[in-house]
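This report goes through selected side-chain contacts and one helix of a protein model. Please look at the sequence and the structure before reading on.

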Amino acid sequence: MINFKINGRSVSAERGETIINVARREDIYIPTMCYLEKTSPCASCRLCSVEVEGLEGFVLSCNTPPTEGINVITDSDALQTERTNIMRMYDVNHPLECGVCDKSGECDLQNKTLEYNVGQQLFSAKDQPRKIEKWGLINYDPSLCILCEKCTHVCNEVIGDDALDLLFGGYNSKVIPKNAETLDCTFCGECIAVCPVGALVSSDFQYTANSWELSKVPATCAHCSAGCALEYEVKHAGIDAQGEESIYRVKNNFEYATLCGAGRFGFDFENRAERDDDAFAKAVEAVKSADAIRFSSMISNEEVMILNALKAKLGLKLFNTDAYQMRLFMDAYASVSGTKHYSADLESLKASDAIVVIGSRIATDNPGVRYAMTTAARHNGAKVVYMHPLEDALLQNTVTQFVKYEVGTEEGVLALLAQTLITGEELTKREQSFIDGLDEGYLSAETNVGDDELALMKKQFMRSKSKTLVVGADLLAHERVENIARLVALIEKYSDFKVLVVPTEVNTLGVSLIADLDVDDSAENVVGYNAKGDFIISALGDGDLDVPALNQQEGTVVSIDKRLLPTNVALAFKGHTLNDIANALGVGAENTIDYTRELPQESGFKAVDFDDLGNFYSSKGEDLRGYRLDAVKVHRGGHPEEVAALPEFNGAVIYHANPVLQFNAFTAKTEQLEDDNNLYGSASFAAAARLSDGDAVTFDHAGETVRRIFKLDDTLKGTVALHPTFDLGLNVQSGYRFETVNFMRESK
């Protein structure tokens, strides 16, 4: 620890902390314009300058570590003059557009100009013509830009796109797309969030509302399992829609949280439906007479509790293949690890210096995991090994080693990983016998993972101290899921790797911990709740009864961090809810959120009422949303089994993976997100499947005929094509994501 003083107050710093880190922790104000907690210091605004007693001049608190015994002064006449002059420089010819600027009312430049009483300008500079750039979802006005560099830092260090750069040219300096004519990125919009002025704005939101007109609704993103915190900003829909409200934009606490573009721009998936008493009566009768309810993991924990209660009362079955697979994996994992929950989370992933990802196209499956990996790579120098049958161009700036394995051989790959990572540990006789008995030659030949690749991986990790194994959805849906889970747990048990399992949907983990699930046996008399069925209850607006979407509900979900997170009603819903159906069938609770307190404590939940759940970050960045599930110990007794014969996938193989910013039928409903549903493959795939760029093809999937346009993609290699499923509505299977298909070309 380093002991020093700030304004005469004794404080201490840990190794690696800067003066501003300590000041913020101690609630001592130092003004900034360009500083971001989650990136390295930009050091461009100089507002954070402080004095150190005995030292001439100013020092930047954002990038200066303290030394023993110094006294830092954060406010003085000299500092006040310095900061006032800095603001005068910022205000030189800055267009006075506050009346129409989208940032007015929440603009750092506006706030600091008032704070330092810059009421007149003492000098000027010749203005320059500056073209406003329109980059799709994002507009950029260089005349408003103050060159703080927040956007470039967050794009490179957190998102991983590295798509923005600064063009230096004195007064003509501006932000430009990096190595491209126009912005080529994943359009997460985080550059909009961190921009302290109105230079980077949402093209959809621009000129539609003032910040002070918007009501802020704290919520949890409903698109993937990362559980990102956001605020829906709501206002009346307009003169033509009296009494109705609309979501105008989504914001996030960008200092500590990060959003992908689906969370930021894909907010309009609400179900605008009227009350339909006839449809409700039919729904009640359908549930009453059903043999089973099939439901998706786009559901709140409280709704799952209602389904459990309906099962107990009516004797029906509950189907959710996605969550059932998660439970199979976690139960087998727990039998070896002795814990019900996996050990890692996004924060520990950010702190890692060694990461292995297997069984996921992680950049699009879960952007929150991608951002944590990028942070680890940029800030910790983490070595990232990506194991998958397909490379991913989105990870090219992050991955240090790509290990390609053959489709379907994940069990063999995990066995080789276990042999590599836990060699020399004190295993039990049975576990040692399993490791010794592995047929390394067979496994290597069938998986296509060589000794040299594993040796390189081991060498990279030799000096690493914080390691994480990230396990994706490909493994959860594998026919050998249970033995794969035991192998994952064995690695965790006998190595210094923590394990992070990536749930497939927004509440896959919550459903797996709560629902009393049955094997989906394709029963005939099935009610579908946001899923296929003979009678469909859906928030998509295309079923037999409409129910609210997740941005129209109060309730909770469980994120990848094993944290119960609350979400709130952004837009009212005029129709019926699942709780109404339950009440009509004698399962009584006045409100859906009455079930929050009843969530099963044996799975780690706590007896906390919904209204008592926090939903914010503290000023120091502590996540105070909901609560973290309690650790639950379980009986050990499981052991890895002999690796089964590894399968072969021949012919035309597709991989069900969605494009950037698309996840499911709800993101498919939104207006701003691109709905690219083409089938993408490499030249090798095209040759093997006898396809040409632009060919229209059909094939069978989930009992339906799917039509796609085939497109060549020079970023892909090998003979596996990428197939999106987000636009297939409720007709999406939760099985293994690789599939052999027979294409039929449409005649031209």
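The sections below cover aromatic contacts, a surface patch, a helix and salt bridges.

## Aromatic contacts

The model is predicted. It contains eleven aromatic pairs. One of them joins Y736 and F738, whose ring centres are 5.5 Å apart. The angle between the two planes is 45°; the pair is classed as tilted because this angle is neither under 30 degrees nor over 60. Both residues are buried: Y736 and F738. Together with F649 and Y655, Y736 and F738 make up one aromatic cluster.

A ring also takes part in a contact with a charge. The charged end of R130 is placed over the ring of Y171, at 4.9 Å from the ring centre.

## A nonpolar surface patch

Three residues, M89, L122 and F123, form a nonpolar patch on the surface. Their accessible area together is about 320 Å².

Where does L122 lie? Its position is in the loop between helix 3 (108-115) and strand 6 (133-135). L122 has a relative accessible area of 55%, and it counts as exposed because that value is over 50%.

## Helix 9

Helix 9 covers residues 321-337, which gives it 17 residues. From its first C-alpha to its last it reaches 24 Å, close to the expected 24 Å at 1.5 Å a residue.

How much of helix 9 is buried? Twelve of the 17 residues are, and the helix is mostly covered. Among the buried residues are D322, A323, Q325 and M326. F329, M330, A332 and Y333 are also buried, as are A334, S335, V336 and S337 at the end of the list.

## Salt bridges

The structure has 39 salt bridges. In one of them R275 is paired with D277, with 3.2 Å between the closest N and O atoms. The two partners fall into separate exposure classes: R275 is exposed at 52% relative accessibility, while D277 is partly exposed at 49%. The classes are assigned in this way because the boundary for exposed is over 50%.

Which parts of the chain does the salt bridge between K317 and D521 link? The N to O distance in this bridge is 3.0 Å. The pair links distant parts of the chain, 204 residues apart. K317 belongs to strand 15 (residues 317-319), and D521 to the loop between helix 19 (508-514) and strand 21 (526-529). K317 is partly exposed, at a relative accessible area of 34%. D521 is partly exposed as well, at 42%.

## A second long-range pair and a network

E641 and R480 form a salt bridge with an N to O distance of 3.8 Å, which counts because the cut-off is 4 Å. This pair too links distant parts of the chain, with the two positions 161 residues apart in numbering. E641 is in the loop between strand 26 (627-628) and strand 27 (652-656). R480 is in the loop between helix 17 (473-476) and helix 18 (481-494). E641 is partly exposed at 38% relative accessibility. R480 is also partly exposed, with a relative accessible area of 22%; R480 does not count as buried because buried means under 20%.

Other charged residues are connected through shared partners. E106, K216, E233, R249 and K251 are joined by salt bridges into one network.

How values were computed. Residues numbered from 1 in each chain as written. Predicted model: local features only at pLDDT ≥ 70, side-chain atom pairs only at ≥ 80, totals over all residues. Heavy atoms only, no water. Phe/Tyr/Trp six-rings, centres within 6.5 Å; stacked < 30°, edge-to-face > 60°. Buried < 20%, exposed > 50% of the residue type's maximum accessible area, 1.4 Å probe, protein only. Lys NZ or Arg CZ within 6 Å of the ring centre and 35° of its normal. Patch = residues over 30% accessible without salt bridge, like charges linked within 9 Å, V, L, I, M, F, W, Y side chains within 5 Å. Areas by Shrake-Rupley, 256 points an atom, 1.4 Å probe, with all protein chains shown as cover. Salt bridge = Lys/Arg side-chain N within 4 Å of Asp/Glu carboxyl O. Helix = DSSP H or I, 4+ residues; strand = E, 2+ residues; numbered from the N terminus. Expected span 1.5 Å × (residues − 1).
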